[in-house]
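Here is a short briefing on one protein chain. Take a look at the structure first, then read on.

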Amino acid sequence: YKEFRDVTINGAVSQMYSEMAGRHRAHPNTIQIINTATLKASECKRDHILEMHDGKLKFPIIRKMPLVAKKMRSTFQARRPMTFVR
């Protein structure tokens with residue numbers, strides 16, 4: 001029994017293939033999926049899924065890019081973008 005958190009069932013299946021390949025060196029053609037289901041929050045069992053159910057969960061903003069004025073924007077630029085704020 002495995003639980004994966006994703007927006008779609010296809011995304012969860014992709015996560016499962018990646019985990020099985022990484023942890024167990026299983027090839028996709030040797031994995032047999034018997035059942036897939038969308039679970040409610042109360043039906044989840046695994047700790048790494050339950051810790052995401054907190055309503056006060058926040059993620060830090062690593063880099064906040066300043067918004068450039070509409071008249072200054074262009075599709076192609078001749079210089080590299082500045083990815084940090086001074």
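The points below go from the overall chain to its salt bridges and then to one residue, Glu-19.

This is a predicted model. The protein chain has 2 helices and 0 strands. It is more spread out than a compact globule, because its radius of gyration is 21 Å, well over the 12 Å that the globule rule gives for 86 residues.

**Overall form**

- Along the principal axes, the C-alpha atoms fill a box of roughly 55 × 35 × 20 Å.
- Of the 86 residues in the protein chain, 13% count as buried.
- The accessible surface of the protein chain is about 8,600 Å². Carbon and sulfur atoms account for 56% of that surface.
- Take the contacts between residues at least 6 apart in sequence: 38% of them join residues at least 24 apart.

**Salt bridges**

- Side chains of opposite charge can pair when their charged atoms come close.
- How many salt bridges does the model hold? The count comes to 2.
- One salt bridge links Glu-19 with Lys-2, and their closest N and O atoms are 3.4 Å apart. Glu-19 lies in helix 1 (residues 9–24), while Lys-2 lies in the segment before helix 1, so this pair ties together parts that are 17 residues apart in sequence.
- Another salt bridge joins the side chains of Glu-19 and Arg-23, at 3.4 Å from N to O. These two residues are 4 residues apart in helix 1, so about one helical turn separates them.
- Salt bridges that share partners join Lys-2, Glu-19 and Arg-23 into one network.

**Buried or exposed?**

- Glu-19 has a relative accessible area of 18%. It counts as buried because the cut-off for buried is under 20%.
- Lys-2 has 41% relative accessibility and counts as partly exposed.
- Arg-23 has a relative accessible area of 64%, so it is exposed, the cut-off being over 50%.
- The network therefore brings together a buried residue, Glu-19, a partly exposed one, Lys-2, and an exposed one, Arg-23.

**A closer look at Glu-19**

- Glu-19 is found in helix 1.
- Which residues does Glu-19 contact, leaving aside its neighbours within four places in sequence? They are Lys-2, Phe-4 and His-24.
- The side chains of Glu-19 and Lys-2 are also joined by a polar contact of 3.4 Å.

Definitions and conventions. Residues numbered from 1 in each chain as written. Predicted model: local features only at pLDDT ≥ 70, side-chain atom pairs only at ≥ 80, totals over all residues. Heavy atoms only, no water. Salt bridge = Lys/Arg side-chain N within 4 Å of Asp/Glu carboxyl O. Buried < 20%, exposed > 50% of the residue type's maximum accessible area, 1.4 Å probe, protein only. Polar contact = N/O pair within 3.5 Å; in protein donor to acceptor, adjacent residues only side chain to side chain. Contact = heavy atoms within 4.5 Å. Rg over C-alpha atoms; globule rule 2.2 N^0.38 Å. Areas by Shrake-Rupley, 256 points an atom, 1.4 Å probe, with all protein chains shown as cover.
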